[in-house]
Amino acid sequence: MTEPLAVVVVTYHSADVLAECLGSVRIALEGIADARIIVVDNNSGDGTLEVAATTCPEAEIVRLPGNLGFAAGVNAGITAAGGADVLVLNPDIRLEPGAIRALREALEVPGTGIAVPLLLDKIGRPAFSLRRKPTALRALGEALLGGTRAGLVPAFGELVVRHSRYREPGTADWATGAAWLVSRECLAATGRLEERYFLYSEETEYMLRAGDAGFAVRFAPRAAATHLGGEQSTSPELWSMATTNRVRLRRQRAGRLAALAMWFAVVLNELLRVRRGPKHRLALRDLVRWRRWPSPPGEDTGYICFSAQDWWYHNRAHSDFQLMRAVAEHRKVLVVNSIGMRMPSPGRSTQVVRKILRKLRSVAMLVRRPLPELPNFHVMSPLPLPFYGSPLLRRINAFVVRAQVTAVSRALGLRQPVIMVTIPTAWDVVRPMARRSLVYNRSDRHSDFPESDRATIQELERGLMRGADTVLYVSQALMDEERSLTGERAHFLDHGVDVDHFRPRPVSEQPADLRRIPGPRIGFFGALDEFVVDFELLERVAAELPEASLVLIGDSGHPMDRFDKYPNVYWLGFRSYETIPAYGSGFDVALMPWQDTPWIHHSNPIKLKEYLALGLPVVSTEFAELAKYDGRVRATSGHARFVEAVRETLHRGGSSTPEQLRASVADYSWRSRAAALTAIAETARR
């Protein structure tokens with residue numbers, strides 16, 4: 001077996017059981033090369049991570065921003081594993097010596113995608129861990145006969161209870177997900193776990209989906225593991241979640257009628273046992289109250305996002321778009337393109353006519369669903385009148401924009417949406433709008449924007465900070481400065497990154513125009529805006545490092561002919577988001593050459609995580625959020641030190657390996673950011 005292996009342990013308040021789990025993993029991995037241990041933590045508050053660091057210092061830690069569920073934890077671990085076979089473990093698993101070797105041998109059997117061990121209970125007895133496909137008839141059989149009796153007849157029971165099945169290797173439709181090894185081929189073909197289940201049924205759905213793709217679930221009795229378990233049987237909340245998710249699963253795989261039959265069978269099971277304890281009463285209550293299947297919490301909540309960008313002409317990697325795309329996987333979303341912060345005017349703005357024309361073209365797009373794979377994701381461009389310096393014109397503009405957005409939102413069925421505002425000029429628009437909650441996405445201090453009407457924008461920002469139910473920050477420094485205005489309503493929500501998209505590409509997949517540029521290459525991709533990028537610094541890099549090529553990728557509102565005198569500068573212009581990772585993969589050093597301004601000081605560029613996801617060494621000018629990236633980014637102040645840092649990086653490489661850099665951002669998926677956003681926004685109260 002030559003494939004790399006990653007052991008992924010997903011934890012949540014697991015301090016009392018994790019040490020023994022990791023100890024057993026270390027013993028089971030003895031003699032196995034190219035293996036890693038990854039602990040994915042769902043924001044535990046009980047010392048879980050301290051136990052992991054003490055017990056297994058070589059383990060990689062992936063921290064999630066909240067309790068996002070088991071499936072989200074496994075997905076984060078799979079991302080961090082980076083193309084390896086993945087052994088998923090609960091923290092209450094104790095592997096026997098030799099278990100991992102036996103699972104890997106089982107995985108080598110042709111057609112196998114998932115290998116599962118023999119699970120033992122606390123006193124060493126084999127547990128019934130193999131299962132048949134769930135059906136309403138089997139659920140009915142279990143309700144009337146009990147799981148063990150019904151399991152003796154395959155048509156009437158989901159549980160495999162014949163002892164002979166646990167003595168010999170074989171296959172099953174699915175198995176208990178406390179320990180399972182998934183091949184890299186199966187992961188590539190089957191994709192991610194379904195995170196809507198949060199806990200329970202996610203492994204069922206995944207293994208059945210793997211079976212649909214032609215991968216067998218193989219039982220390996222020589223691989224043994226003790227499973228402590230027991231939480232589901234004692235916790236009413238966990239029992240109810242496991243019970244209701246059975247109906248969700250049936251709905252997802254077989255449709256409404258099959259789900260209705262399953263619902264009746266599961267309700268009967270709980271009704272017949274309702275006197276046995278609170279867990280059955282809670283499950284019955286939840287089953288009776290719910291009307292739609294599957295119905296994850298918040299599914300009926302829609303979102304309207306007033307973005308600071310425009311979908312039709314800005315980079316779609318911006319956080320507004322990324323967050324809303326992830327939210328739209330489970331919620332209806334309307335993105336309202338930027339309504340601007342000022343009317344472009346000669347003397348204050350560059351390329352005035354171009355900016356007005358592109359906005360008019362955007363408005364002409366009306367309302368569209370630009371992503372076929374996301375039918376819940378809608379984009380509109382209202383026609384604004386961005387004269388924010390006049391109180392009267394501000395009120396007129398707010399009325400005009402609000403009327404357009406309200407008409408579209410009603411047509412989409414968004415009656416009481418969560419409204420998220422990133423651009424402060426939307427405050428006048430949203431203030432009277434009906435909503436479930438108002439989220440101010442404070443991604444930047446827009447009053448520091450050089451072309452803005454500072455006093456007006458500052459007034460709007462303060463109005464939003466006072467009026468929002470939740471204020472989200474990506475800059476800890478900015479959040480700390482404004483704590484007196486936001487109090488407990490302030491939450492830090494770091495940017496995400498699409499790690500799967502920003503994976504390193506081999507030279508053969510890099511664009512031809514990049515390959516023609518001689519190396520070494522010093523690169524930058526993104527908007528080349530003069531209020532953000534220090535063009536004098538870029539000139540100095542070009543002049544003092546003539547042996548290297550400076551590659552600039554991005555649209556520019558700034559004259560680029562200043563670089564004509566440097567033969568080692570290559571401006572490639574705008575490139576689509578889809579192609580950016582292939583270009584970035586050809587960089588030897590990635591740059592963040594920012595201006596030294598208040599705007600930058602309170603920023604948190606998404607670009608940084610994209611560079612790190614590509615495994616690139618990064619040289620940056622200093623800003624507050626860089627303090628969290630010590631050891632991963634060379635941060636400098638002053639032009640001379642910046643150039644020297646680039647030179648040192650070219651000669652000596654980065655301070656961390658590409659694999660370490662990529663792993664350091666593996667847990668920052670946009671799905672995890674969106675899950676944290678919805679959890680905050682849908683529970684916000686004033």
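Q: A patch is made of residues with over 30% relative accessible area and no salt bridge, nonpolar side chains (Val, Leu, Ile, Met, Phe, Trp, Tyr) being joined within 5 Å and like charges within 9 Å. How much accessible area does the nonpolar patch on the surface have together?
A: This is a predicted model, where local features need pLDDT of at least 70 and side-chain atom pairs pLDDT 80 or more, while totals for chains, interfaces and linings use all residues. Residues are numbered from 1 along each chain as its sequence is written, and side-chain values use heavy atoms, without hydrogens and water. Areas come from the Shrake-Rupley method (1.4 Å probe; for residues, only the protein chains shown count as cover). Leu 137, Leu 140, Leu 144, Leu 145, Leu 152, Val 153, Phe 156 and Leu 272 make up the patch, and their joint accessible area is about 680 Å².

Q: Which helix gives the most to the nonpolar patch?
A: Helices (H or I, at least four residues) and strands (E, at least two) are DSSP runs, numbered from the N terminus. Leu 137, one of the patch residues, is found in helix 5. With four residues in the patch, the main contributor is the run 136-145, helix 5.

Q: Is Leu 137 buried, partly exposed or exposed?
A: Buried means under 20% relative accessible area and exposed over 50%, with partly exposed in between (1.4 Å probe, protein chains only). The relative accessible area of Leu 137 is 42%, so Leu 137 is partly exposed.  The residue belongs to the nonpolar patch, and its class is partly exposed.

Q: How many salt bridges does the count come to?
A: A salt bridge is a side-chain nitrogen of Lys or Arg within 4 Å of a carboxyl oxygen of Asp or Glu. One of them joins Arg 192 and Glu 195 at 3.1 Å, N to O. Arg 192 is partly exposed at 22%, whereas Glu 195 is buried at 17%. By this rule the count comes to 26.

Q: How many residues apart in sequence are the parts that Asp 212 and Arg 253 tie together?
A: The side chains of Asp 212 and Arg 253 form a salt bridge of 3.1 Å, N to O. Asp 212 lies in helix 8 (residues 202-212) and Arg 253 in helix 10 (residues 236-254), so the separation in sequence is 41 residues.

Q: Are Glu 461 and Arg 442 buried or exposed?
A: Their side chains meet in a salt bridge of 2.7 Å, N to O. Glu 461 is in helix 17 (residues 454-467) and Arg 442 in strand 17 (residues 437-442), so the pair links parts 19 residues apart in sequence. Both Glu 461 and Arg 442 are buried.

Q: Which residues are linked in a network of salt bridges?
A: A network goes beyond a single pair of side chains. Its members here are Arg 394, Asp 428, Arg 431 and Glu 459.

Q: Where is the place of Pro 520?
A: Most residues other than glycine have a negative phi, and most peptide bonds are trans. The bond from Gly 519 to Pro 520 is cis, with omega near 0°. Pro 520 sits in the loop between helix 20 (512-515) and strand 20 (521-525).

Q: What is the phi of Leu 366?
A: Leu 366 lies in the loop between helix 14 (352-363) and strand 14 (367-368). At 58% relative accessibility, Leu 366 is exposed. This residue is not a glycine, yet its phi is positive, near 55°.

Q: What is the phi of His 13?
A: His 13 is in the loop between strand 1 (5-11) and helix 1 (15-28). A relative accessibility of 39% makes His 13 partly exposed. Although His 13 is not a glycine, its phi is positive, about 50°.
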